[in-house]
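Subject: Handover of a structure and notes on its contacts

Dear colleague,

Please find below the structure that I am handing over to you. I would be grateful if you could keep it open while reading the notes that come after it.

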Amino acid sequence: LVMKVLSKVSFGFLAVSYSCVVGAFQLPSGSDAPRSAAQAESRKDFLSTSAFIITGAVLVSSQPAYARGRATLDQAYDRYTPRIIEGGKFYKSELYGAISKSNWKAIQAATAEPPKKSKEDRALKDGGVAKRAALAGEFSNARVLSAMELYAATFSDSSITPKTKAMKAEVETLREVVDGMNKAAKIALGEESAGGGLFGIGSKKPSTSELSKQVQELYIKGGNAYNAYVFAANDGLPLQLNKLPFL
């Protein structure tokens, strides 16, 4: 459910206040916590019954934002939105499942970046691009967030539009979420230390339940950011193009 309230502001823009109703986490605090029938809500129940609300303001042009021309927008839409949509599907299904079970290996894999280019990669015809892309996590910067950022840039040309700025701001939030999830998974797996107080927990290694709680909070923060990005992307989109789905 998305609600829009429009009011005119200066410089020919509209201020958009929005609320996206998605769902709230109710999960066991650790991977070994018992899961009763009441606790083990399905993703469908999670998305439809327990709601959290995000609110914000996005400045968008009062005219449709096709800054680089309709042909360029069509090309960018076809190139980038499949990765964005697939990323959203993964986020609300497989990633949700991994977080709900505190499956740290799955969380780490989902948010992992591909390895750096090796000498063997350089010897390949495509420079190892296909090989490395296949190793990127299903909701990683390389696979999803880079596509979101490039699609956002389509709505600007010689100067950056408020629409692009709004979309890129949500991408940056998602980057923080993905990095935080990956860091937490590595700590839980003993592959990395907490360092100088990850998530404000302190210098000692946090417990599994503490890490689970923080990752759940990151998941909700990321869901908010994804939906805010979609809201901004869909505003003023030509009718011939399908709007991106919310989580």
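The notes below describe what was found in this structure, beginning with the aromatic residues.

Please bear in mind throughout that this is a predicted model.

Aromatic contacts

A search of the whole structure returned 5 aromatic pairs. One of them joins Tyr91 and Tyr219, whose rings are stacked, with 4.5 Å from centre to centre and 15° between the planes. Tyr91 belongs to helix 2 (residues 70-100) and Tyr219 to helix 8 (residues 208-234), so this pair ties together parts of the chain that are 128 residues apart in sequence. Tyr91 is buried, its relative accessible area being 1%. Tyr219 is likewise counted as buried, at 4% relative accessibility. Ring pairs also place these two residues in a cluster, which links Tyr91, Tyr96, Phe139 and Tyr219.

A further contact involves a charge and a ring: Lys163 lies over the face of Phe155, 4.6 Å from the centre of that ring.

Salt bridges

Side chains of opposite charge can pair when their charged atoms come close. In this model, the search of the whole structure finds 5 salt bridges, and I describe some of them here.

Within helix 2, Lys89 forms a salt bridge with Glu86, and the closest N and O atoms of the pair are 3.5 Å apart. These two residues are 3 apart in helix 2, so about one helical turn separates them. An α-helix has 3.6 residues a turn, which means that residues three or four places apart point the same way. Both partners are partly exposed: Lys89 has a relative accessibility of 45%, and Glu86 has a relative accessible area of 48%.

Glu149 forms a salt bridge with Arg175, with 3.0 Å between the closest N and O atoms. This pair links distant parts of the chain, since Glu149 is in helix 6 (residues 141-153) and Arg175 is in helix 7 (residues 162-188), 26 residues apart. Glu149 is partly exposed, with a relative accessible area of 25%, whereas Arg175 is buried, with a relative accessible area of 17%. Together with Glu172, these two residues are linked in a network of salt bridges.

Helix 7 also takes part in a contact with helix 8. Lys221 forms a salt bridge with Glu176, and their closest N and O atoms are 3.6 Å apart. Lys221 lies in helix 8 and Glu176 in helix 7, so the pair ties together parts that are 45 residues apart in sequence. Lys221 counts as partly exposed, at 38% relative accessibility.

Helix 7 and the residue after it

Helix 7 consists of 27 residues and reaches 39 Å from its first C-alpha to its last, close to the 39 Å expected at 1.5 Å a residue. Just after this helix, Gly190 takes a positive phi of about 75°.

Asp78 and Tyr151

Asp78 is located in helix 2. Is this residue buried or exposed? Asp78 is exposed, because its relative accessible area is 56% and the cut-off for exposed is over 50%. Asp78 and Tyr151 are 73 residues apart in sequence, and their C-alpha atoms are 9.9 Å apart in space.

With kind regards,

A colleague

How values were computed. Residues are numbered from 1 along each chain as its sequence is written. This is a predicted model: local features need pLDDT of at least 70, side-chain atom pairs count only at pLDDT 80 or more; totals for chains, interfaces and linings use all residues. Side-chain values use heavy atoms; hydrogens and water are left out. Rings of Phe, Tyr and Trp (its six-membered ring) pair if their centres lie within 6.5 Å; planes under 30 degrees apart count as stacked, over 60 as edge-to-face and the rest as tilted. Helices (H or I, at least four residues) and strands (E, at least two) are DSSP runs, numbered from the N terminus. Buried means under 20% relative accessible area, exposed over 50%, partly exposed in between (1.4 Å probe, protein chains only). A charge sits over a ring if NZ of Lys or CZ of Arg is within 6 Å of the ring centre and within 35 degrees of the ring normal. A salt bridge is a side-chain nitrogen of Lys or Arg within 4 Å of a carboxyl oxygen of Asp or Glu. The expected span of a helix is 1.5 Å times one less than its number of residues.
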